[in-house]
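Please open the model in your viewer and keep a selection prompt ready. The tour below moves from the whole chain to helix pairs and then to single residues.

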Amino acid sequence: MSDTTYNSCGQEEHKSNCLICGQPLEYFSAAVEVTCFYCDKKEKGSIACSKDLGHYVCDDCHNLSSYNYIKDFILSADSKNPFEIAFDILNNSNVNIPMLGCHHAYILTGAVLASLKNRGYINIPKEVIKEAFYRLSKQAVGGYCGLSGVCGIVPAGGIVYSILTGSVCGKNEEQNITMGVTALLSKALYDLTGPSCCKAYLFKALEILSASLYEDFNFILIDSNVCIKCNFKELHPHGCMRDRCPYYLDSYILTAEKLKENLKNAAATEGIFKVAPVEISINLDKSNLEGNNNILPAPC
Ligand SMILES: [Zn+2]
Ligand SMILES: [Zn+2]
C-alpha cells in the first residue's frame, strides 16, 4: 500500500510518520509549545516531526479530512458486517487514513453502530452517530495511548454501549455494563501492545464487540466466518509486531470458535453465527443526547 495520498486540497500527505514530509515523528516526554502547520493554532503538543518542529499538526487537523470521510461513509453505509465497513474505509486508496491515530476509534464506533442499524436491531438516527463521534472527540486524543495508558479504541467501544443503554454518570446497570466492555477492551489492548498498533487494536475491538453485543444483548453482527487481512504491515512507523500479532499472517479467519474466546461467559455460546429474531429490550434515551452538528471543514 502506498505511503502517500492527496488531501481534499490536492496536497500530498503521508500515511505514516510526519503527514507533511514523511520523516519519523518525535514523541516528547513533556508537552512543548508548538504551532499547527495547517491552521496556525498555537498550543502545547506532545508529537511533532523529528526533522522540523514546524511540521506539528494539531489533533483536529490530523483527524479532520479523514474524519469527515469516515463520518460520511458511516452515515451512508448499508453493509451489515462491521468488519466489511471498517475495511472498506481502511482500504480506500483515495483517502488518507494515517497508519496510527484516533481515526480508528471513529471507525470502530461507526462501523458497529452502522451494523446494528442496518441489521434492524435498533433505530439509530444520524444525529445519534454524530453524537457518538462528539463523545469520542472528548476522549480519543492522538498519542495519549502512550501518555495515559488509555487508547481511544477503549472509549470507542464504551460509547457504543452508552448509546445503547442510555448510560450517563449516576446510572447503575447502564454504566456498569458500559464500563464492563471498556475493561474488556483495555485488557485486550494491553495483551497486544509492544509497540501499539491502531490496526490490530481496531480488529481486536471489532472481535470483542461482536462477541459482547451478542452476549449482552443477543445482537448478532456477523453471520459467518470473517477473513481479516492486514495490508498495513510495512506502514507501521515503529515496526510491525510481526508474528507476535494475531493478524500478521496473510489472513486471519475469525470463526465462531474464535469469537467465543472473546466472550466473558463461556456458557453464552448458543446462537453465535445463527441469524435469529432477537428481543430488543433496550431503549435509546435520546433525551440524554446533546446535539452536535458543528462538524468543522477540513483544515486546508
Ligand atoms: Zn516533517
Ligand atoms: Zn491545526
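What follows is a sequence of selections, each with a description of what is found there.

**The whole chain**

Begin with everything displayed as a cartoon, bearing in mind that this is a predicted model. The chain has nine helices and six strands, and of its 300 residues 42% count as buried. If contacts are restricted to residues at least 6 apart in sequence, 66% of them join residues at least 24 apart.

Next, colour by confidence. The pLDDT averages 86 over the chain, and 86% of the residues score at least 70. Now select residues 276–300, where the pLDDT is below 50, although this stretch has 43 contacts in the model beyond near neighbours in sequence. Where pLDDT is low, the predicted coordinates should not be read in detail.

**Helices H1 and H3**

Which angle do helix H1 and H3 make where they pack? Select residues 59–76 for helix H1, and you will find that H1 and H3 pack at an angle of about 5°, with their axes 10 Å apart. The two helices are therefore roughly parallel to each other, an angle under 35 degrees being what that term requires. Show the side chains of Asn-63, Ser-66, Tyr-67, Ile-70 and Ile-74 in H1, which meet His-103, Tyr-106, Ile-107, Gly-110, Ala-111 and Ala-114 in H3. By class, the residues of this contact divide into seven nonpolar, four polar and no charged.

**Helices H3 and H8**

Keep helix H3 (residues 103–118) on display and add H8, whose axis comes within 10 Å of that of H3 and crosses it at roughly 25°. That angle makes H3 roughly parallel to H8, and H3 passes H8 in a right-handed crossing. On the H3 side, select His-104, Ile-107, Leu-108 and Val-112, which meet Cys-198, Tyr-201, Leu-202, Ala-205, Leu-206 and Leu-209 in H8. The contact of H3 with H8 has nine nonpolar, one polar and no charged residues. Ile-107 can be left selected from the previous stop, since this residue is listed in the contact of H1 with H3 and again in that of H3 with H8.

**Tyr-201, within H8**

Centre the view on Tyr-201, which lies in helix H8 (residues 198–217). Is Tyr-201 buried or exposed? Tyr-201 has 25 other C-beta atoms within 10 Å and is therefore buried, the cut-off being 20 or more. Leaving aside residues up to four places away in sequence, Tyr-201 touches His-104, Cys-151, Ile-153, Leu-189 and Leu-192. Draw a distance from Tyr-201 to Ala-105 as well: the two are 96 residues apart in sequence, yet 9.2 Å apart in space from C-alpha to C-alpha.

**Helices H4 and H6**

Now select helix H4 (residues 126–139) together with helix H6 (residues 153–165), whose axes come within 10 Å and cross at roughly 140°. H4 and H6 are therefore oblique to each other, and H4 passes H6 in a right-handed crossing. In H4, display Val-128, Ala-132, Arg-135, Leu-136 and Gln-139, which meet Pro-155, Ala-156, Ile-159 and Ile-163 in H6. This contact has seven nonpolar, one polar and one charged residues.

**Ala-183 and the loop after H7**

Move to Ala-183, which lies in helix H7 (residues 173–192). Ala-183 counts as partly exposed because 13 C-beta neighbours lie inside 10 Å. Between Ala-183 and Gly-157 the C-alpha to C-alpha distance is 10.0 Å, with 26 residues separating them in sequence.

Follow the backbone onward to Pro-195, which is found in the loop between H7 and H8. The peptide bond from Gly-194 to Pro-195 is cis, with omega near 0°.

**Two residues with positive phi**

Finish with the backbone torsions of two loop residues. Select Asp-40, placed in the loop between strand E3 (25–35) and strand E4 (42–49); its phi is positive, about 70°, although Asp-40 is not a glycine. Asp-40 counts as exposed because it has 9 C-beta neighbours inside 10 Å.

Then select Asn-218, in the loop between H8 and strand E5 (226–228). Phi of Asn-218 is near 65°, again a positive value in a residue other than glycine. Asn-218 has 16 other C-beta atoms within 10 Å and is therefore partly exposed.

Methods: Residues are numbered from 1 along each chain as its sequence is written. Chains are lettered from A and ligands numbered from 1 in the order in which they are written. This is a predicted model: local features need pLDDT of at least 70, side-chain atom pairs count only at pLDDT 80 or more; totals for chains, interfaces and linings use all residues. Helices (H or I, at least four residues) and strands (E, at least two) are DSSP runs, numbered from the N terminus. A residue is buried if 20 or more other C-beta atoms lie within 10 Å of its own, exposed if 12 or fewer, and partly exposed in between; C-beta atoms are placed from the backbone. Two residues are in contact if their C-beta atoms, placed from the backbone, lie within 7 Å. pLDDT is the predictor's confidence in each residue, from 0 to 100. Axes are lines fitted to C-alpha atoms, for helices over the stretch in contact, and angles run from 0 to 180 degrees between N-to-C directions. Angles under 35 degrees count as roughly parallel, over 145 as roughly antiparallel, 65 to 115 as roughly perpendicular and the rest as oblique. A crossing is left-handed if the near helix is turned anticlockwise from the far one by less than a right angle, and right-handed if clockwise. Ala, Val, Leu, Ile, Met, Phe, Trp, Tyr, Cys and Pro count as nonpolar, Asp, Glu, Lys and Arg as charged, and the others, Gly among them, as polar.
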